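Visitor: I am new to this structure and would like a close look at a single part of it. Please take me through one stretch slowly, and then follow the chain outward from there.

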Amino acid sequence: MSTFTKLLVASAAALALGGAFAQSSQTGQLGRPASPTAPVAKQAIQGSGYVTTRDGVQLFVKDWGPRDGQPIVFSHGWPLDSDSWEGQMLFLADHGYRVIAHDRRGHGRSSQPWDGNDMDHYADDLAAVLDAVNLRGKKAVLVGFSTGGGEVARYIGRHGTGKVAKAVLVSAVPPLMLQTAANPNGVPMAVFDGLRKAQLDNRAQLYKDLPSGPFYGFNRPGAKVSQGLIDNWWLQGMAGGHKNTYDSIKAFSETDFTADLKKFDVPTLVVHGSDDQIVPIDISGRASAALVKGAKLVVYEGAPHGLTDTHKDRLNQDLLDFIQKR
């Protein structure tokens, strides 16, 4: 049993049941009414703004950097929001790229629909963002971290690569996290049941425990703990809807992206830490790289799941090199 498994099962057993689910999809998180028949907004977001999906969900979107720059579009992990990409976005915008990221439905500043918290909707929401921001005839580089990597994979599986120049999967959940007969080395369902129970029992405490421990590898001997990273993780997580982030556990753990990965036909970079206690590298990064034709796998030795922060400078340079490569 892995360290992550033991942590979640133990924490789930220790916490008491409580908590209530978030508001319905009839009103967005910021109080904006969401029409179920609203068309996708056709607009360019200036700095930040909202895109309304076809099922009435309002997605908060950041659009930074020069308008004529190559677009780089980021999809974040659970239960975070687009702020988790700020280190990469600022770096790439300073290098002349147009960087775009949205808060997933039910996360961050986006509205909190009761239904649709699954990978198909996440992928279609990403498609709505790409439509709304106006790529100005350019193809985008899609970058997905953890759950966001699943979102990118499902987007390509459902929508193809007509708007995609390249893809990057960072600490990503594909092809399948859950242990099944066909995926015997996956993570047991008991781990995800424990995670769900811990969320219901005391979400605020769970969102302290994860970044304090396995997410950033702060539970490893000699680790340099950053309270700022822990607090920022907690803040982003708690901004999301309780129901949405709860449902998302099933989405990122049980969705099989094998068929999606086989549809990749663009240059693809896979980055994963060898000491990822959340999404073990053997069932994710290495397996995804084997399924995507021509994919390049880069392993960060000793790196944890949250390497976008702990190995920010290296990742930023690797992203820049990959994007610039002809």
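Guide: A residue is called buried when its relative accessible area is under 20%, exposed when that area is over 50%, and partly exposed in between, using a 1.4 Å probe and protein chains only. Helices (H or I, at least four residues) and strands (E, at least two) are DSSP runs numbered from the N terminus. What you see is a predicted model, in which local features need pLDDT of at least 70 and side-chain atom pairs count only at pLDDT 80 or more, while totals for chains, interfaces and linings use all residues. Residues are numbered from 1 along each chain as its sequence is written, and side-chain values use heavy atoms, with hydrogens and water left out.

Let us begin at strand 6, which covers residues 164–170 and has six of its seven residues buried, so the rest of the structure largely encloses it. Its partner is strand 5 (residues 140–145), which runs parallel to strand 6 over six bridges; two strands are said to pair if DSSP finds at least two bridges between them. Within this pairing, Gly144 stands opposite Leu169 of strand 6. Following the chain onward, the loop between strand 6 and helix 5 (189–212) holds Pro175, and the peptide bond joining Pro174 to Pro175 is cis, with omega about 0 degrees.

Going the other way, the loop between helix 3 and strand 5 contains Asn134 as well as Arg136. Phi is positive in both residues, near 65 degrees for Asn134 and near 55 degrees for Arg136. Most residues other than glycine have a negative phi, and most peptide bonds are trans. Both residues are partly exposed, Asn134 with a relative accessible area of 41% and Arg136 at 42%.

Asp125 belongs to helix 3 and, at 4% relative accessibility, counts as buried. Apart from neighbours within four places in sequence, Asp125 is in contact (heavy atoms within 4.5 Å) with Thr53, Leu59 and Arg105. Arg54 lies 71 residues from Asp125 along the chain, yet their C-alpha atoms are separated by 8.8 Å.

A nonpolar core is a set of buried Ala, Val, Leu, Ile, Met, Phe, Trp, Tyr and Cys residues joined through side-chain atoms within 4.5 Å. The largest such core has 83 residues, and those with the most contacts inside it include Phe74, Leu142 and Val143. Helix 3 (residues 119–133) provides the largest share of this core, nine residues. Beyond its neighbours within four places in sequence, Phe74 touches a group of residues that includes Val143, Gln88, Met89 and Leu92.

Three of these contacts lead to helix 2 (residues 86–94), where Gln88, Met89, Leu92 and Ala93 are buried. Seen down the axis of helix 2, its buried residues fall within an arc of 125 degrees, so they line one face of the helix, the arc being that of the directions from the helix axis to the C-beta atoms. Those buried residues pack against strand 2 (58–64), strand 3 (71–75), strand 4 (98–102), helix 10 (307–310) and helix 11. The loop before it, between strand 3 and helix 2, holds Pro79, joined to Trp78 by a cis peptide bond with omega about -10 degrees.
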